[in-house]
2 protein chains.
Amino acid sequence: MATRKRVTAQDVARLAGVSRTTVSFVLNNITDMRISEETRQKVLEAARQLNYHPDVVARRMVTGRTRVLGFVLRQSPEQAFADLFLPQVLNGLSQAAARQGYQVLFEPIAPGHPNTMYARLVNERHVDGIILSGPRFDDEDLLRLHREGAAVVLIGRLPDVEIPYVDVDNVGGARMATEYLIGLGHRRIGLVTNAPLFYTASAERLSGYRQALEAAGLSFEEGLVRYGDFTPQSGYQAMMSLLQVRPLPTAVFVASDTVALGALQAIRHAGLRIPDDISLIGFDDIPLAGFLDPPLTTIHLPAFNLGWEAAEMLLSRLHGEEIPSPAARLLATHLVERESCAHARR
Amino acid sequence: MATRKRVTAQDVARLAGVSRTTVSFVLNNITDMRISEETRQKVLEAARQLNYHPDVVARRMVTGRTRVLGFVLRQSPEQAFADLFLPQVLNGLSQAAARQGYQVLFEPIAPGHPNTMYARLVNERHVDGIILSGPRFDDEDLLRLHREGAAVVLIGRLPDVEIPYVDVDNVGGARMATEYLIGLGHRRIGLVTNAPLFYTASAERLSGYRQALEAAGLSFEEGLVRYGDFTPQSGYQAMMSLLQVRPLPTAVFVASDTVALGALQAIRHAGLRIPDDISLIGFDDIPLAGFLDPPLTTIHLPAFNLGWEAAEMLLSRLHGEEIPSPAARLLATHLVERESCAHARR
DNA sequence: CTGAAAGCGCTAACAT
DNA sequence: ATGTTAGCGCTTTCAG
């Protein structure tokens, strides 16, 4: 197919009988140069008649800004889309961006490219700045990009690195979940993590669990923790293993609803009932959590807000506002009480 | 923050002691102009040393192409992210795009903008073409865009419109689900749709259900169909209502797993068991389907492929290849047998 | 094998 | 109040 013929500002100028500049002024609503109403109308009419649309590529060329934000996913696609967390972040992100006239370029890490191609996004000026989710501590390109002054905001945190970030309060949320169980009288509380511990979020949730235990005078037992890795399958395995320990825990905190789905199935297969035989609390509050059997009590994660806040932070950085230091925002979680937890009986 | 200083091809040329043109040639691997290996290396070295990155905006300006695909969501954000269907489409889309050096601009319909802003994407040259999911028959802008020669591919179909599309074989899938139930001996089979009937996919699934019934000599009964609207809540309501009819259907086809989640809960609340008292078959095969209680038998929807194929179709259109007519691709579904269906007993 | 020069469509400083 | 003009950084004929 041939390239479609473009109508340029020049064409509009010609039809309206004015200069290209005048066209630019009226179309961009530059009021400084008080243009006569008559001319204004002529230009507007000509533009409408020719079905003129300004070419953003040319505009970017001269303004130097793209008005595009890059959303880069540092995790594998399967992992990124294991549940609705990232899609919801993306949603918040793009709504915040749209509100300020920005667009979002979606950049997952391509399977064939183990290395970070995303630095090109800013180096080659595809975007004005990037929001990166799932940062890794060994990501050299990320650190370099930041050092070189690129506008970067993280979703998730990197220890000992001063890049602005927004994250959920994982420690607080996990503490809240564990305290809730303790409040119900449970003393032997198992943990299934959402992921291996080299994921910051996972380590933080473990830490919150541990804090709650110790604050209540309960001892932290290695033997009561198992490791999930994002999937229901891993939750099934982890819970099966936890079900072997004696005495059996009376409650378990599964630090991801998706993983909890597998745990739920393992408990059913073992012939135990929830919450009668064992209480279960999740983390994330996936949209389906209320429709599981039993409806899952869990910690709500503000995924949409995470995206929204990250975009706002990046945008204010791009607009040259001083970012209030520390350039970090920790979003609060809250408990959603449903039916998977009961008072301890043993 | 000040704009970062850009290194231009001019700078590289200066350092390498050649002209700008030469730089362009070696960096773009133009072999026609057989450049001496020595010069080549000098240029490459200079570029590396200066950390030079070509400016895509300038390149787009002159080549006239952006190498960006727009993914526009014609449904509301909540609906778009009610489950993992669209995220998976996006994933397939962007992988197919990346493989050919294209990027994806994500454009959900903004809540504040009831009207279609997405036409700007192509008119203002943000992208080379768009993939639009969830087309509506009354979308004037879409029809105009297509008439004007813009490169558009639909995910989902529009009756009586010749825009290229890729879609899942909804009729076939629904027929397959219903036939499976019939094969199990069921004769009274209810239907809960995934959405209101003005959604093409919904109407098609109803049609497949009806075809299967009639082919088996069973009559289609209005009284056995209820309408979902994407959510588990709607499935709950629909199933509750279906549970009132007498004689009770022995099986029901819920044309969306997400909706089926609510249906499952309604059946539990009614004190009935699955599949002993009533068989249930879903549609979509969401990633969690195998971990529900009972694991849900359902029709698998190739979401990733849908995105992939749509991108491939758009790309070949952009590359000027004649699209094999009809410019449409219907992807096959398949049955995933799990544990929510049993032989009819009544 | 390499360089000069035109031009993509727009914005914005400057001149009238 | 409106027009002239100079780029933005790159690709790509066309001459040497």
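Leaving aside its neighbours within four places in sequence, which residues is Gln265(B) in contact with? In this predicted model, the residues concerned are Gly290(A), Phe291(A), Leu292(A), Pro295(A) and Tyr236(B), and the first of the views below is centred on them.

**View 1. Surroundings of Gln265(B) in helix α12 of chain B.** Gln265(B) belongs to helix α12 of chain B, and it counts as buried because its relative accessibility is 8%, which falls under the 20% cut-off. A polar atom of the Gln265(B) side chain lies 3.3 Å from the backbone oxygen of Gly290(A). Beyond the neighbours within four places in sequence, the contacts of Gln265(B) include Phe291(A), Leu292(A) and Pro295(A) from chain A, together with Tyr236(B) from chain B.

**View 2. The interface of chain B and chain A.** Between them, chain B and chain A bury about 5400 Å², and carbon and sulfur atoms account for 59% of this area. Chain B contributes 57 residues to the contact, and chain A contributes 57 residues as well. Ten residue pairs, both members at pLDDT 80 or more, are found in polar contact across this interface. On the side of chain B that touches chain A, at least two residues each come from α4 (56-63), α6 (85-99), β2 (103-108), α7 (119-123), α11 (232-242) and α12 (257-269) of chain B. Sorted by class, that side of chain B holds 28 nonpolar, 17 polar and twelve charged residues.

**View 3. A salt bridge between Asp293(B) and Arg268(A).** Four salt bridges are found across the interface of chain B and chain A. In the one shown here, the side chains of Asp293(B) and Arg268(A) meet with an N to O distance of 3.5 Å.

**View 4. Strand pairing between β2 of chain A and β2(B).** Strand β2 of chain A, which spans residues 103-108, pairs with β2(B) in the antiparallel sense, and the pairing runs over three bridges. Within this arrangement, Val104(A) has Phe106(B) of β2(B) as its bridge partner.

**View 5. Surroundings of Asn194(A) in a loop of chain A.** Asn194(A) sits in the loop between β6 (189-193) and α10 (200-215) of chain A, and because its relative accessibility is 8%, Asn194(A) counts as buried. The side chain of Asn194(A) makes a polar contact, at 3.5 Å, with the side chain of Ser202(A). Leaving aside neighbours within four places in sequence, Asn194(A) is also in contact with residues including Ala201(A), Arg205(A), Gly228(A), Asp229(A), Phe230(A), Ala255(A), Ser256(A) and Val259(A). Thr231(A), 37 residues away from Asn194(A) in sequence, lies 8.4 Å from it in space, C-alpha to C-alpha.

Note on methods
Residues are numbered from 1 along each chain as its sequence is written. Chains are lettered from A and ligands numbered from 1 in the order in which they are written. This is a predicted model: local features need pLDDT of at least 70, side-chain atom pairs count only at pLDDT 80 or more; totals for chains, interfaces and linings use all residues. Side-chain values use heavy atoms; hydrogens and water are left out. Contact means heavy atoms within 4.5 Å. Buried area is the accessible area (1.4 Å probe) that two parts lose on being put together, summed over both. A polar contact is a pair of N or O atoms within 3.5 Å; within protein, one must be able to donate a hydrogen and the other to accept it, and residues adjacent in sequence count only if both atoms are side-chain atoms. Helices (H or I, at least four residues) and strands (E, at least two) are DSSP runs, numbered from the N terminus. Ala, Val, Leu, Ile, Met, Phe, Trp, Tyr, Cys and Pro count as nonpolar, Asp, Glu, Lys and Arg as charged, and the others, Gly among them, as polar. Two strands pair if DSSP finds at least two bridges between them. Buried means under 20% relative accessible area, exposed over 50%, partly exposed in between (1.4 Å probe, protein chains only).
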